[in-house]
Amino acid sequence: MDYGFAQRVLQSKQPLIRVIDRYMHEDPENFISFAEGNPGFECMATDKIIEIAKQVITEDTAEVLLYGENSGNFELKDAIRDRWKRVKGIDAPDDDILITTGGQQVLYLSPRLFVNKGDNVLMEEISYAGMIDSVKGFEGNPVGVKVDEDGINIEDLEKKLQTVPNVKYIYLIPTFNNPTGVTLPLEKRKAVYELACKYDKLIIEDDPYSDIRYTGDPVPPIKSLDVEDRVVYIGSFSKTIAAGLRVGFMMAPKAIYEKGVAAKGILDANTPMLNEKICLHFLRDLDFEEELKKLCAGYIPKWKATGDALKKYMPSNWKIAKAEGGLFYFVRTPEGMDEAKMFELELQHNVGLVPSSAFSPDPTHPAGGFRLCFTPDTPERLEEGIKRFAAAAEEYNEKYGLK
Ligand SMILES: Cc1ncc(COP(=O)(O)O)c(C=O)c1O
């Protein structure tokens with residue numbers, strides 16, 4: 001039968017990550033996948049999560065098993081407000097916090113709230129597929145802005161603000177970007193904010209990774225610079241407590257918050273209360289900063305092994321993006337490389353990194369590169385996987401005469 005799919009879903013298709021998953025599924029012994037952006041399970045505080053979950057379901061049974069507050073648990077909102085002010089310098093007393101089912105729900109809500117058919121959203125030319133696909137799903141156009149080694153290119157951002165019509169917001173992942181791993185320096189954050197003020201645009205700042213820092217000093221979020229109520233901040237506990245809990249949040253000016261609450265009500269009524277309360281206990285009753293240190297200590301050997309292996313094995317015509325934290329490294333393909341052909345070659349070498357077309361607002365013109373997530377695997381397997389990827393890259397150079 002002709003199912004009569006709506007125009008807005010006609011373009012949607014399976015992400016490239018599923019191709020890698022299929023290889024992994026067929027030969028889990030021999031294939032090494034760097035595809036899924038999963039936390040490292042063995043580094044998570046699972047015992048504490050189990051203990052807290054038992055306590056919460058026993059003591060707050062009715063509260064967590066009945067419908068809950070649409071906008072989220074109020075104590076959790078207070079704990080978030082307090083911690084993000086103390087640690088990240090976000091002081092937004094007039095903003096409200098909407099607890100969401102993962103940060104992903106805010107990525108869905110953003111175009112739902114702001115994008116009409118044909119409207120444009122500016123984002124880095126290599127950005128997170130969750131927002132790219134969501135904008136397309138609302139019949140908007142994600143428009144890529146050039147990126148430098150240290151994040152979004154300010155001149156190109158201004159050019160796009162001058163020339164692209166109907167820009168509804170600028171979407172950015174300024175810290176440990178997914179997929180590039182890169183962190184935008186403070187000066188550039190200020191410049192982005194100033195441009196948003198100059199051209200009267202909203203910024204949506206997605207920040208799920210900034211608490212996973214291995215080296216260097218924290219950089220304040222753009223939201224902490226906001227004096228004109230033009231930054232929506234997205235947070236998540238997926239990378240710091242547990243992705244499976246699906247708890248994230250949106251901190252936004254009241255008018256945006258109110259539209260967000262109404263739209264969330266249609267989606268899932270409320271984020272599971274049990275999960276919200278687990279996050280509350282983590283923030284309020286444990287030493288959250290200490291938990292983060294332990295998590296990072298578990299990831300550091302993986303991050304180091306990956307960085308060292310990339311430096312040691314990758315052919316010199318590849319550029320390795322600087323990642324001081326987060327879950328990802330990104331390697332830029334050399335000039336003239338056909339990323340799709342390189343993708344075929346890596347699969348033949350039994351290794352799976354995700355090509356940049358999966359993160360491109362316009363996948364027919366990918367910026368060129370591959371993302372690898374290093375947290376789920378062991379340092380030994382990470383090194384082996386990179387050796388294979390480097391061997392595929394060498395093969396490409398020989399086969400296609402690339403220098
Ligand atoms: C940049 C970015 N934003 C948002 C999300 C969504 O995270 P979650 O829904 O698990 O909070 C992710 C997940 O990987 C991400 O990388």
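**A walk through a two-domain model**

Hi everyone, let's start with a pair of strands: β3, residues 120-124, and β4, residues 141-145, run parallel and are joined by five bridges. Leu122 has Val143 as its bridge partner in β4. I'll say that strands pair when DSSP finds at least two bridges between them. Helices (H or I, at least four residues) and strands (E, at least two) are DSSP runs, numbered from the N terminus. Together with helix α6, residues 129-137, β3 and β4 form a right-handed β-α-β unit. Right-handed here means that, with the strands pointing away from you, the path from the first strand over the helix to the second runs clockwise.

Before going on, a word on what we are looking at. This is a predicted model, where local features need pLDDT of at least 70 and side-chain atom pairs count only at pLDDT 80 or more, while totals for chains, interfaces and linings use all residues. Residues are numbered from 1 along each chain as its sequence is written.

Now let's zoom out. The protein chain has 13 helices and 15 strands. Its C-alpha trace spans about 65 × 55 × 50 Å along the principal axes. A compact globule of 403 residues would have a radius of gyration near 22 Å, and the 21 Å of the protein chain agrees with that. That radius is taken over C-alpha atoms, and the globule rule is 2.2 Å times the number of residues to the power 0.38.

How is the chain divided? Domain 1 covers 11-43 + 290-400, and domain 2 covers 67-286; these bounds come from an automatic or database domain assignment. The C-alpha centres of the two domains lie 25 Å apart. Each side gives residues to the contact: 33 from domain 1 and 33 from domain 2, where contact means C-beta atoms, placed from the backbone, within 7 Å. On the domain 1 side, α11 (288-313) and β12 (328-332) are the elements giving two or more residues. The largest share, seven residues, comes from α11. That side divides into 19 nonpolar, nine polar and five charged residues. For this count, Ala, Val, Leu, Ile, Met, Phe, Trp, Tyr, Cys and Pro are nonpolar, Asp, Glu, Lys and Arg are charged, and the others, Gly among them, are polar.

Next, the ligand. Which residues come nearest? Of the 15 around the ligand, they are Gly102, Gly103, Gln104, Ser236 and Ser238; a residue counts as near if its C-beta atom, placed from the backbone, lies within 6 Å. Helix α5, residues 102-114, supplies the largest share of this shell, four residues. The shell has five nonpolar residues, nine polar and one charged.

There is also an open sheet of four strands, ordered β11-β12-β15-β14 with antiparallel pairing. β11 (319-320) and β14 (354-355) stand at the edges with a single partner strand each, so one side of each has no neighbour in the sheet. β14 pairs with β15, residues 370-373, over two bridges, and Pro355 stands opposite Phe370.

Two loop details to finish. The peptide bond from Asn178 to Pro179 is cis, with omega near 20°, and Pro179 lies in the loop between β7 (167-172) and α8 (186-198). Arg246, in the loop between β9 (231-236) and β10 (247-253), has a positive phi near 55°, though Arg246 is not a glycine. Thanks for listening!

Methods: Two residues are in contact if their C-beta atoms, placed from the backbone, lie within 7 Å.
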